[in-house]
Amino acid sequence: MKQGVIIGFLGKTQDRFSEYQKPATTREKLEIVSMIEGFDGVEMVFPYETGDPADTKRIMDEMNLSFAAINVNIKKEAEWVPGALTRPDKGIRDRAVSMIKKAKDYAKAVGAPHVTCCPLSDGYDILFQVNYRQAWKYMVEAVGEAADYLPEIPLFIEPKYSETRVHCQLDSTAKALLLLKEVGNPATGVTLDMGHSLQSQENPAQALVTIYESGFDAYIHTNDNDTRADWDLVGASRHFLHYVELMFWAQQCNYDKYFTTDASPRIFDVVEFFNRHSEITSGAYKLASSLDHDSLLEMMRNEDYNGLMKYVNRQIYRV
């Protein structure tokens with residue numbers, strides 16, 4: 001397996017109450033990636049962490065790192081705080097689409113495989129706030145235009161139930177798939193963030209399979225939470241069996257992209273936090289690999305529920 005990290009978590013972060021860790025330049029963040037055991041993948045946020053493409057590529061090569069993805073941020077700018085792809089003002093929507101296109105240009109220039117976008121500011125906080133009909137129409141049009149541009153760089157859309165809006169427009173894997181079905185462009189996919197999936201009361205493994213069975217590609221973000229909020233915890237710290245099952249079905253689906261860490265160290269030592277995440281993710285993947293896949297699938301086919309529980313108890317929980 002290949003593991004990487006969203007490097008925005010390697011410098012200063014903040015919430016409504018506190019600031020965490022120290023500010024770091026992009027180069028310093030990349031140096032931290034090279035210190036984490038088992039990591040060589042980088043998801044870089046465009047345009048806030050990306051510099052000159054040639055310079056960035058040179059630094060990446062110098063540190064033997066590879067791009068997992070380019071993450072385009074369409075929520076930070078003041079005009080996009082209330083939404084970007086679904087706003088009534090076409091100029092606002094067009095500028096958000098233009099940002100995604102520029103991220104695709106950058107991805108191509110540095111050799112990144114795809115662009116991922118989580119439109120967190122699109123949604124609503126109170127009822128009667130937005131015109132649902134128009135918001136959906138605008139999002140289909142905007143994502144469609146962005147996907148059509150430079151199709152050799154696929155666009156992955158990442159759903160989330162809430163934050164920054166109380167209720168995001170794309171609040172589930174199913175909603176993201178419905179959007180992409182409407183867009184109708186094969187150069188698209190869904191970024192499955194395990195924490196987002198849990199927060200939406202989904203089963204991440206089932207969500208992953210649904211993406212593939214719906215005819216789309218998938219890209220995985222790893223982390224964990226308590227399902228009430230997207231805490232971006234170390235993987236498997238709350239949902240160990242879900243984590244192993246996700247790895248099992250990732251192998252069944254021949255997933256070959258990076259498992260990119262979307263976890264936030266906050267109060268923890270940065271390198272050691274991600275070392276712990278790396279070892280549990282790698283361990284869960286190896287554990288899933290060690291399982292007898294054919295036997296498990298056969299027990300599922302035969303509806304041998306007791307046999308399945310016994311197998312899980314013995315081979316996963318080791319009791």
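Which residue of S11 does Val-190 stand opposite? Val-190 faces Ala-218 in that strand, and the pair offers a way into the fold. The model is a predicted one, in which local features need pLDDT of at least 70 and side-chain atom pairs count only at pLDDT 80 or more, while totals for chains, interfaces and linings use all residues. Residues are numbered from 1 along each chain as its sequence is written, and side-chain values use heavy atoms, with hydrogens and water left out.

The central feature is a closed barrel of eight strands in the order S1-S4-S5-S6-S8-S10-S11-S12, with parallel pairing. On average, neighbouring strands of this sheet are turned by 30° against each other, direction ignored. Helices (H or I, at least four residues) and strands (E, at least two) are DSSP runs, numbered from the N terminus; two strands pair if DSSP finds at least two bridges between them. Strands of a sheet pair through backbone hydrogen bonds, either parallel or antiparallel.

Strand S10 (residues 188-193) is largely enclosed by the rest of the structure, because six of its six residues are buried. Buried means under 20% relative accessible area, exposed over 50%, and partly exposed in between (1.4 Å probe, protein chains only). Thr-188, Val-190 and Leu-192 point one way from S10, whereas Gly-189, Thr-191 and Asp-193 point the other way. On one pairing, three bridges link S10 to the parallel strand S8 (residues 155-157), where Phe-156 is opposite Gly-189. On another, five bridges connect S10 in the parallel sense with S11 (residues 217-222).

Elsewhere in the barrel, S4 (residues 39-46) and S5 (residues 66-72) are parallel partners over six bridges, and Phe-46 stands opposite Val-72. Helix H5 (residues 173-183) packs on the sheet, touching S8 and S10, and its direction makes about 170° with that of S10. Helix H3 (residues 90-110) lies across S4, S5, S6 (115-117) and S8, at about 170° to S5. Contact here means heavy atoms within 4.5 Å; axes are lines fitted to C-alpha atoms, for helices over the stretch in contact, and angles run from 0 to 180 degrees between N-to-C directions.

The loops hold several notable backbone features. Phe-46 is joined to Pro-47 by a cis peptide bond with omega of about 5°, and Pro-47 belongs to the loop between S4 and helix H2 (53-62). A cis bond also runs from Glu-163 to Thr-164, with omega near 15°; Thr-164 is in the loop between S8 and strand S9 (167-168). Asn-64, in the loop between H2 and S5, has a positive phi near 55° although it is not glycine, and its relative accessible area of 64% makes it exposed.

Asp-232, in the loop between S11 and helix H8 (240-252), likewise has a phi near 55°, yet Asp-232 is buried at 9%. Asp-232 is among the residues in contact with Ser-264 once neighbours within four places in sequence are left aside; the others are Phe-9, Thr-13 and Phe-273. Ser-264 is itself buried, with a relative accessible area of 7%, and lies in the loop between S12 (258-261) and helix H9 (270-290).

Pro-151, in the loop between H4 and S8, is partly exposed at 43%. Pro-151 and Asn-185 are 34 residues apart in sequence and 8.8 Å apart in space, C-alpha to C-alpha.
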